[in-house]
Amino acid sequence: MAQWRGFGCVVKHLSRFLRENGIPHHVGAWIEIPRPGNPRVAIWVGHWAFQKPSGPARIKIGYLVTEGRVKREGLKWLCGFDYIITPSRWVKERLEEVGLHVDAVMPHGIDTQLFKPMPMPKFVDVLSVGIWESPFDDRKFMRRVVDVAFPYACHIHTRNTVPYEELPKLYNMARVYLSLTACEGFNIPVLEAMACGLPIVYNDAPATNEIAVGIGVKPTRVYETQGLVSYTIHEPDFARIREELHRLLEDPKRMEELGRRSRERALQYDYREVYRKILEFIH
């Protein structure tokens, strides 16, 4: 996705953390920490299905994600990592189902000094940020946001139209953040919205429910898609989510309280703190 979403956002903040801690490194297809002659550590950030570690690095780290089952077809290259790190317990469990050892859960980090509450007018009632490029992305259910929010004003942000540093203004222009996504390995937009002090209404599905503070609504059913890259779909209960969203929008006091709790929880995921875990594997 755009705006440094997903893997790009993770690489951006992980690289920044290494730089601020005085660790020389190179960012290319992955992050390399050099030593004289060749890389000392290589960190691959991305989906399990596309991680095939190779090259001369002495230590190979996979910072891996998935939104569904991990297939045994990937074991050959996944066993090439010296260490495997996941951003959520849910991803850890998927990797362990095929017999892989996960060395740590290290949540994705964001900059809570950039993403923060701002004194801005609220131009829309409901905001949702997520990928939608084709029907392939329907697992995020971005096309259903209007139905769930109606008749309240909403903004659905799916394309690269806002510079990354301006995204906090986008979040702060809304009263409530809505997440309908049916599968996630983490959920960076929810965390960014929480850091900006927005109350969250969300489909109570992994791994969003590991970080979200707000009103979660249980999915109606769970099923698996087919293919090498498969998705575990936790189908949202649109009627219940709509009911909870509208009830919240009519309760300013509750919105304020949930927004305060969102910000407090998000501070625990500042990249300066969560990425300290990586130091255990690269020194």
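Reader: Which residues are exposed on the other side of helix 8, away from its buried ones?

Author: This is a predicted model, and in it K253 and E256 are exposed on that other side of helix 8. The buried residues of helix 8 are M255, L258, G259, S262, R263 and A266. They lie on the same side of helix 8, because the arc they cover around the axis is only 140°.

Reader: What do the buried residues of helix 8 pack against, and how many residues does the helix have?

Author: Helix 8 spans residues 252–266, which is 15 residues, and from its first C-alpha to its last it reaches 21 Å, close to the 21 Å expected at 1.5 Å a residue. Its buried residues pack against strand 9, helix 6, strand 10, strand 11 and helix 7.

Reader: Taking helix 6 from that list, at what angle do the axes of helix 6 and helix 8 cross, and which residues meet there?

Author: The two axes come within 7 Å and cross at roughly 115°, and the crossing in which helix 6 passes helix 8 is left-handed. From helix 6, the residues L191, M194 and A195 take part, and they meet S262, R263, R265 and A266 of helix 8. Of these partners, S262, R263 and A266 are also among the buried residues of helix 8.

Reader: How should I read the sheet that includes strand 9, and what is the order of its strands?

Author: As a general idea, strands of a sheet pair through backbone hydrogen bonds, and the pairing is either parallel or antiparallel. Here the sheet is open, with five strands in the order 8-7-9-10-11 and parallel pairing. Strand 8 (154–157) and strand 11 (214–217) form its edges, each pairing on one side only. On average, and with direction ignored, neighbouring strands of this sheet are turned by 20° against each other.

Reader: How many bridges join strand 9 to strand 10, and which helices pack on this sheet?

Author: Strand 9 (residues 174–179) and strand 10 (residues 200–203) run parallel and are joined by three bridges, with L178 standing opposite V201 in strand 10. Helix 6 (residues 188–195) packs on the sheet, where it touches strand 7 (124–129), strand 9 and strand 10, and its direction makes about 155° with that of strand 9. Helix 7 (residues 238–249) also packs on the sheet, touching strand 7, strand 9, strand 10 and strand 11, and its direction makes about 165° with that of strand 9.

Reader: Turning to the other sheet, what is the order of its six strands, and which are its edge strands?

Author: This open sheet has the order 1-2-3-4-5-6, and its pairing is mixed. The edges are strand 1 (26–27) and strand 6 (104–105), each of which pairs on one side only. Within the sheet, strand 4 (residues 59–65) and strand 5 (residues 83–86) run parallel and are joined by three bridges, and I61 stands opposite Y83 in strand 5.

Reader: Which strands do helix 1 and helix 3 lie across?

Author: Helix 1 (residues 6–20) lies across strand 1, strand 2 (31–35), strand 3 (38–47) and strand 4, and runs at about 150° to strand 3. Helix 3 (residues 89–96) lies across strand 4, strand 5 and strand 6, running at about 140° to strand 5.

Reader: For the backbone in the loops, which residues does a cis peptide bond join?

Author: One cis peptide bond joins F150 and P151, with omega about 10°, and P151 is found in the loop between helix 4 (145–149) and strand 8. Another joins P206 and A207, with omega about -10°, and A207 lies in the loop between strand 10 and strand 11.

Reader: And what is phi of F141 and of N187, and are these residues buried or exposed?

Author: Phi of F141 is near 55°, a positive value in a residue other than glycine, and phi of N187 is near 135°, again positive in a residue other than glycine. F141 is found in the loop between strand 7 and helix 4, and N187 in the loop between strand 9 and helix 6. F141 counts as buried because its relative accessible area, 16%, is under the 20% cut-off. N187 is buried as well, with a relative accessible area of 5%.

Reader: Finally, where is K277, and which residues does it touch?

Author: K277 is placed in the loop between helix 9 (271–274) and helix 10 (279–282), and it counts as partly exposed at 29% relative accessibility. Leaving out residues up to four places away in sequence, K277 touches A104 and M106. The C-alpha atoms of K277 and I85 are separated by 9.7 Å, although the two residues are 192 residues apart along the chain.

Terms used. Residues numbered from 1 in each chain as written. Predicted model: local features only at pLDDT ≥ 70, side-chain atom pairs only at ≥ 80, totals over all residues. Heavy atoms only, no water. Pairing = 2+ DSSP bridges. Helix = DSSP H or I, 4+ residues; strand = E, 2+ residues; numbered from the N terminus. Axes fitted to C-alpha atoms, helices over the stretch in contact; angles between N-to-C directions. Contact = heavy atoms within 4.5 Å. Buried < 20%, exposed > 50% of the residue type's maximum accessible area, 1.4 Å probe, protein only. Expected span 1.5 Å × (residues − 1). Arc of directions from axis to C-beta. Left-handed = near helix turned anticlockwise from the far one by under 90°.
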